[in-house]
Amino acid sequence: MKFTLSWLKHHLETEATLDEILYALTDLGLEVEGVENPVDRLSEFTIGKVTHAEKHPDADKLKVCKVETDEGELQIICGAPNAREGITVVVAKPGVYVPGIDTTIGVGKIRGIESHGMMCSEREMEMSDAHDGIIELPSGEVGQRFTDWLSENQPERVDPVIEIAITPNRPDALGVEGVARDLAARGLGTLIPRETDPVPGSFPCPIGVSIDADTLDQAPVFYGRVIKGVKNGPSPKWLQDYLRAIGLRPISTLVDITNFFTYDRNRPLHVFDADKVKGNLRLHRAKGGETLVGLDEKEYTFEADMTLISDDEGVESIAGVMGGLPTGCTEETTNVFLEAAYFDPIRTAYTGRALKINSDARYRFERGIDPCWTPVGIEHATRMILDLCGGEASDVVIAGEIPDVDRAYKLDTARVESLVGMEIPAAEQRATLEALGFRLEGDMAHVPSWRPDVMGEADLVEEVARVASLTKLVGKPMRRASAGVPEAVLTPMQRREATARRTIATLGYNECVTYSFVDEASAGLFGGGTDATKLDNPISSEMSHMRPTPLPGLLQAASRNQARGYADLALFEVGPAFHGGEPDEQQQLACGVLVGHSGPKDVHGSRRAVDVFDAKADIEAVLAAIGAPAKVQIRRDVPEWLHPGRSGAICLGPKNVLGYFGELHPKVLDALDVKGPAVVFSVDLAATPFPKAKGTNRGALELADLQAVERDFAFVLDVGTEALTVVNAAAGADKTLIEEVRVFDEFHGEKAEAQMGAGKKSLAITVRLQPKDRTLKEADIEAVSKKIIEKVAKATGGVLRS
Amino acid sequence: MEELRQKYIAAIAEAADEGALEALRVQAVGKKGEVSLKMRELGKMSPEERQVAGPALNALKDEINSALAAKKAALADSGLEERLKAEWLDVTLPARSERRGSIHPISQVTEEVTAIFADMGFAVAEGPQVEDDWHNFDALNIPGHHPARAEMDTFYMSRAEGDDRPPHVLRTHTSPVQIRSMLQQGAPIRIIAPGRVYRADYDQTHTPMFHQVEGLAIDKDISMANLKWVLEEFCRAFFEVDGVELRFRASHFPFTEPSAEVDIRCSWEGGTLKLGEGDDWLEILGSGMVHPKVLESGGIDPNEWQGFAFGLGIDRIAMLKYGIPDLRAFFDSDLRWLRHYGFAALDVPSIHAGISR
């Protein structure tokens, strides 16, 4: 919403400075978004008189002028055709910035003769496009500031333009009068009443109006009248100045008048060329499929139930949104039909949105105009049309009734203190509400018809506090929720997430935050990209689907970093994954990606390509940190995005997968343009069971005093036999005695097969025996060893390597 | 005897290695050594002679033994010294490389915010990011036609044909967590809800995903003055500036009433932002007293309970606090950026150890 200071002063009698007004506006909730004050730009220009002018000896078009200024006589070279002795001019002395040529004036020589300043044209001062010559003022004293002269003689040219942001609840402030009312309530001046006497009709209105019975709730009231014999043409300068200042293009007097009331009183009006209206005007619901070319010269097709205004021949206007071109006013219009109506905000908003029309009328009707001002507004507009265009007004025709918006809420003056915490005397609270147009009857406050937003007692409090200024609010300590040491606030899951995050960072990964949406193809690689997870209105095809896991985003990040020359990467993200489009189809994953090598080449030769066991070590560290049990299963049935032979699922029982680790499937690497090797892990943070018992006791530590014994075994096995099977079998041989089984060697490949036979490999384990009650004797160890060999043989078919 | 002493002490001092030393020991104090042989002769002496020669011989034996031990230790030391000399390594060579991980500023700042509000008794609440339109809009007093809906640049989920429910949205703010928490816990309640939010907007200062933290406190007597205090305390603790000054400015949000935009005093001298001084004001968050209709949506009786809510941008306060210039870079995962703006893995913010290092 834009307006000029003088427009504001049309409604507000005030001594306040511009700065005071700007501060108050923002503080009242009418946030100032910008001010354009020509005075700021022009303040350094002063008035001078040319006392002498002669042709430059070396240039035909230049003149050497003597100019009297507040700093004495200056010699200025000037190229303007009208530069001559005796004229009063605007001078930019050395050091002054001239906006139109983006230059700060200095002293210089022009064709060998010194020049000590510049005499300016309007364009050079960005006041207009006029550049035929330098400004010649009809009056003005030498040394006077040009802006002072303008304020006295052409105030509209130094009229500051103020732009404020209007929140959706304040349609009344979409009119300058409403803004003035707020400022007056704040105490910045007095609201000037702008009343007008009704214009009596001198003949019956030749165009009748009606509203269909089924349309009354979306268009309850319709006022209109004809003014005949008007002379339409350019509007007067003051009106054009007002409109131009706020960025509107003057069109014709009739149209400019409707625009004026739109901005002055938040009262959109419409003018039809009465001679182009066939028969009567009828407000009705669209059947669907009707069309109209709007004033913007585009054709619109209507959906059922939109509010339309039609004459006997068809649709002529989109109610509350835009008029139609066929009945629009032109310079030739002599008879005009003036419409003032009230349209339902919700219906207007839907219609405007569906037709994609953003008009000033729609903007105002959908926020809510003052329905009670409809009959007053038409009189104001009639008066202005008669004043500016002449003519003769008919009677007013009316259809429907003004909706009853009268309502009242109890003003509890103690509520301001209990809700806001400000002490404001009751009398001041009442005065504030009255200044805003509320009518007080006892402790009931009747809401003014222009404030559709006020819908309860809390709104009254808001008005009082807002006008009193929330800046004055002083903070007051809030007592603690409970006395003493505050309790922990994180849920076990939240704590787990933080633990996982910091554990992974400790393992050397850099945390990323990538977008929750990715492109369909990348999502598809990881089992996503389904219609259920698709966005209806993505901002780009790169962000079209909710991600099934953070992995595609991380791998894309890896690819971008590789392109920047970083080949070895460890990236992770702890964040949401979406396996469906419903609110409960979201889970929290911790994912890590290792790409390239363990580090740069070094003197220790420790650089090596990352492999699946790096990912396994890291996922085990994460799982251990979040409290997963040490004993888990590792299954081979993994999702498609993993290398089927070099990956695993860490599980508890057949259904509960705690996470995956492994080498990425080469196709996925290719599709995401990542140069491998690349291994990943993914932990479903909620899958690890939370501890059931809440207690801090750790149980007693049982230390065995007896010496532990370690024995090594090497088995010859089928190549496909998994180490974990061997370990589990060995450990099962004597659960009390065997403390630990470790794999320490694997021998496979050609050499191994040459020794042990085709399809065979050897696996060596260390078994640690920890006796609890007596020292082990050789016979005991022999017995356990025999059992271990038997168990492993039974589980794997393997034999002890000789 | 003195002759004997001098002979051995001198020989021991000159022994070149442990072998020579051992030979000397055998020769002097071994079973058949010179000193031992002398001691055997004691039996043949008169008691008077023995009285003198006995202790002298014992003393001599002790002296030679300790000279032997001292020399042995000295030889070992010099041997070790030589070995150590030979074991010299160039320690200016680089160590085996270790990757150094980092925590993203969003996570770090979220934990900072959490630590501060936890001290004031606020728990952390969460909610889904794909949200139904009731929780995201209607329950927050933003009905279908409300202009605020259109202004929010909402992302909508696509609907399968035949599914006539209103489309789900990507939550446009963390406010729906207010509703979910109120319905779950009732009043009194104090929560913050940090998390991802989404708006269909992408330019220099907007990304389609960003982070907010919502605050909600409902009790019998919580006022807007309490809100101001809580925010002042938060800003002081978070920005680690003592003289933080906040300004409340009337505004409008559908879900609060009265509503206020909150500005923080700052200066932009030399292009650097300084909080708590200067004559400029920087808008940092929106807040207000929870609208009675919102309390009702949350199943809380507005005649009995009241309280405040606020929402602030985590990315935004991270940028302000740590001088991070570009929002878009937060989500770009440029390794150089992650290393520069990231935090050490064990830099856990806390009230007792400090919010930041």
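Two strands pair if DSSP finds at least two bridges between them. Keep that rule at hand for the exercises below, which all use a predicted model.

**Exercise 1. Work out how strand β22 of chain A is paired with β21(A) and β23(A).**

Step 1. Start with β21 (residues 307–311) of chain A: 4 bridges connect it to β22(A), and the pairing is antiparallel. One bridge to look for sets Ile309(A) against Ser317(A) in β22(A).

Step 2. Now turn to β23 (residues 322–323) of chain A, which runs antiparallel to β22(A) and is joined to it by 2 bridges. With at least two bridges required, β22(A) and β23(A) therefore count as a pair. Here Ser317(A) has Gly323(A) as its bridge partner.

Step 3. Check the connections. β21(A) and β22(A) make a hairpin with 2 residues between them. β22(A) and β23(A) make a hairpin with 3 residues between them, and Gly320(A) in that turn has a positive phi of about 75°.

Step 4. Finish with burial: of the 5 residues in β22 (314–318) of chain A, 4 are buried.

**Exercise 2. Find the strand order of the open sheet of 4 strands in chain A, and the helix that packs on the sheet.**

Step 1. Reading across, the order is β40-β41-β39-β42 in chain A, with antiparallel pairing.

Step 2. The edges are β40 (738–747) and β42 (799–800) of chain A, each of which pairs on one side only.

Step 3. For β42(A), the partner is β39 (residues 709–718) of chain A, through 2 bridges. One bridge links Val716(A) with Val799(A).

Step 4. The helix is α21 (residues 778–796) of chain A, which touches β39, β41 and β42 of that chain. Its direction makes about 25° with that of β39(A).

**Exercise 3. Decide whether Asn537(A) is buried, partly exposed or exposed, then list the residues it touches in chain B.**

Step 1. Locate Asn537(A) in the loop between α15 (520–525) and β32 (545–546) of chain A.

Step 2. Count its surroundings: 13 other C-beta atoms lie within 10 Å. Buried needs 20 or more and exposed needs 12 or fewer, so Asn537(A) is partly exposed.

Step 3. Across the chains, Asn537(A) touches Phe155(B), Tyr156(B) and Ala200(B).

Step 4. Place this in the whole contact, which takes 84 residues from chain A and 76 residues from chain B. On the chain B side, helix α9 (residues 224–239) gives the most, with 7 residues. By class, that side has 40 nonpolar, 19 polar and 17 charged residues.

Key: Residues numbered from 1 in each chain as written. Chains lettered and ligands numbered in written order. Predicted model: local features only at pLDDT ≥ 70, side-chain atom pairs only at ≥ 80, totals over all residues. Contact = placed C-beta atoms within 7 Å. Nonpolar A, V, L, I, M, F, W, Y, C, P; charged D, E, K, R; others polar. Axes fitted to C-alpha atoms, helices over the stretch in contact; angles between N-to-C directions. Lists of a residue's contacts leave out its neighbours within four places in sequence.
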